[in-house]
Amino acid sequence: MYTFIKLGGSVITDKAGREAADLPLISRLAAEIAQARAANPNLRLIISHGSGSFGHHYAAKYGVHRGLAATADWMGFALTAGAALRLNRIVVDALLDAGLPALQLQPSAALVSAAGQISSWDTRNLALALSHGLCPIIHGDVAFDTTQGSAIISTEQLLAYLATSSDLRPSRIILVGEDAVYTADPRVDLNAERIPRIDASNIGEVLDSAAGSHAIDVTGGMRSKLDLMWQLIQTVPGLQVRLIGPQPGVLASALADAPLHVGTLMLDS
Ligand SMILES: Nc1ncnc2c1ncn2[C@@H]1O[C@H](COP(=O)(O)OP(=O)(O)OP(=O)(O)O)[C@@H](O)[C@H]1O
Ligand SMILES: C=C(C)CCOP(=O)(O)O
C-alpha cells in the first residue's frame, strides 16, 4: 500500500504573488519526507504538488481550464505547462538535495482528458520508477481534452485516478496545505474553528461551509478538494485522508503515523 503526499500550492508558493516559491519551506518539507523514508525504507511514496502562483495564473488568463478551441492560439497552454514545470523543477531539486531519488514525470505527456476528467493516463513509467526504488513526482498540469480541447487536471484528480484506476492503491493520502479544514475559510473568518474529523456524520455540513481558494485557483479550492477526497474514501476501502499544515515536524509525524492533535482526518465510518 502506498502513501500519497500532496504539497499544496497554497503553502509551497505565495498564491497572492507571481511564481513566488517558498524555497526554505520546500526544502524543509523535502527533508522531512527524506528522513521519514530513511527511518522506514518500506514507506512507499508517491509525491505530488499543486501549482500555486505558477500554473493557476496562466490557466486563468488564457482560459485553459475552460477549453481552447482548435483554432485558438495555444500559447497559453504552453505557458501554463511551462510555469507548472518551473515549480516542479524547484520541488524535485529540493527532494534530490534532501537525498530522495526523486524523478519528475510530467502528467500531461502521458495523459488525455474528456470534459475535464482524466480518460486515460499511461502510468507504466510511474510503476517502473517505483519498482526501481525511485520516487515519482507528479503535479497538477494541463491536458489535451477530447471534448473541450484543453483542460487543467488538479493534483487531487491525478491522485484519485491513481487510487482507482491503477495498481497503486493508497492506504493514506496526506495533503499539506491549510492547517486543517475549518468551519469557514480561516483566511476570511477569524472565528472559524478547526474540524478535527470528517466522516459520514458531518460531511454534508462540512461541504456546505467549505469555500474555494483565497487566491486565483482554476481547480476549485477547498470545496472541490474535499468533495473529491470524500468520493475517493467511498471507493477505496480503508483509505484515510489527512489534511495538515506545513509547521515543522507535522508532516514527519503524519508519515510516522504518530498521534496528531492538529489537522483534519477524513475517513469512512
Ligand atoms: N473551510 C475551509 N477550511 C480551510 N480552508 C478553506 C476553507 N474554505 C476555503 N478554504 C481556503 O482553501 C485554501 C486552500 O485551497 P487551495 O486550493 O488554494 O489549496 P492548495 O491545494 O494548497 O492549492 P493548489 O491548488 O495551488 O495546490 C485555503 O488557503 C483557504 O483559503
Ligand atoms: C494550474 C495548473 C497547471 C495545475 C493545477 O493543479 P492544482 O494546483 O493541484 O489544482
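**Exercise 1. In which helix is the place of His56, and is His56 buried or exposed?**

Solution. The structure is a predicted model, and the first step is to locate the residue along the chain: His56 lies in helix α3. The second step is to count its surroundings, and because 26 other C-beta atoms are found within 10 Å, where 20 or more are required, His56 is buried. The third step is to list its contacts beyond the neighbours within four places in sequence, and these are Ser51, Ile216, Asp217 and Val218.

**Exercise 2. Find which residues UniProt lists for "binding site", and describe how they lie in space.**

Solution. The UniProt record, an unreviewed entry, lists Ser51, His56 and Thr155 under "binding site". These positions are spread over 105 residues of sequence, yet they cluster in space, the largest C-alpha distance being 12.3 Å. Taking Ser51 next, one finds it in the loop between β2 (45–49) and α3. Ser51 counts as buried because it has 32 C-beta neighbours inside 10 Å. If residues up to four places away in sequence are set aside, Ser51 touches Gly9, His56, Ala84, Leu87, His139 and Gly140.

**Exercise 3. Describe the shells around ligand 1 and ligand 2 by their residues, elements and classes.**

Solution. Begin with ligand 1, which is surrounded by 26 residues, the closest being Gly8, Gly9, Ser10, Gly50 and Ser213. The elements that contribute two or more residues to this shell are α1 (9–12) and α8 (221–235). Sorted by class, the shell around ligand 1 holds eight nonpolar, 13 polar and five charged residues.

Then turn to ligand 2, which has 16 residues around it, and here the closest are Gly50, Gly55, Gly140, Thr155 and Thr219. At least two residues of this shell come from each of α3 (52–62), α4 (75–97) and β7 (141–145), and α3 gives the largest share, with three residues. Sorted by class, the shell around ligand 2 has five nonpolar, 10 polar and one charged residues.

**Exercise 4. Work out why the span of α4 agrees with its number of residues, and state which of its residues are buried.**

Solution. The expected span is 1.5 Å times one less than the number of residues, so the 23 residues of α4 should span 33 Å, and the end C-alpha atoms are indeed 33 Å apart. The buried residues of α4 are Phe77, Thr80, Ala81, Ala83, Ala84, Leu87, Asn88, Ile90, Val91, Val92, Ala94 and Leu95. To read this list, recall that an α-helix has 3.6 residues a turn, so residues three or four places apart point the same way. Finally, just after α4, Gly99 takes a positive phi of about 100°.

**Exercise 5. Trace the open sheet from edge to edge, and place β2 within it.**

Solution. The sheet is formed by eight strands in the order β3-β6-β2-β1-β9-β11-β12-β10, with mixed pairing. Its edge strands, each of which pairs on one side only, are β3 (102–104) and β10 (197–198). Strand β2 pairs with β6 (residues 135–139) in the parallel sense over three bridges, and within that pairing Ile47 has Ile137 of β6 as its bridge partner.

**Exercise 6. Summarise the region that UniProt annotates as a domain.**

Solution. The unreviewed UniProt entry carries the annotation "domain: Aspartate/glutamate/uridylate kinase", which covers residues 2–234. Over residues 2–234 the chain is 41% helix and 20% strand, and the end C-alpha atoms are 18 Å apart.

Note on methods:
Residues numbered from 1 in each chain as written. Chains lettered and ligands numbered in written order. Predicted model: local features only at pLDDT ≥ 70, side-chain atom pairs only at ≥ 80, totals over all residues. Near = placed C-beta within 6 Å. Helix = DSSP H or I, 4+ residues; strand = E, 2+ residues; numbered from the N terminus. Nonpolar A, V, L, I, M, F, W, Y, C, P; charged D, E, K, R; others polar. Buried ≥ 20, exposed ≤ 12 C-beta atoms within 10 Å, placed from the backbone. UniProt positions renumbered as here; feature names shortened; annotations may be inferred. Contact = placed C-beta atoms within 7 Å. Pairing = 2+ DSSP bridges.
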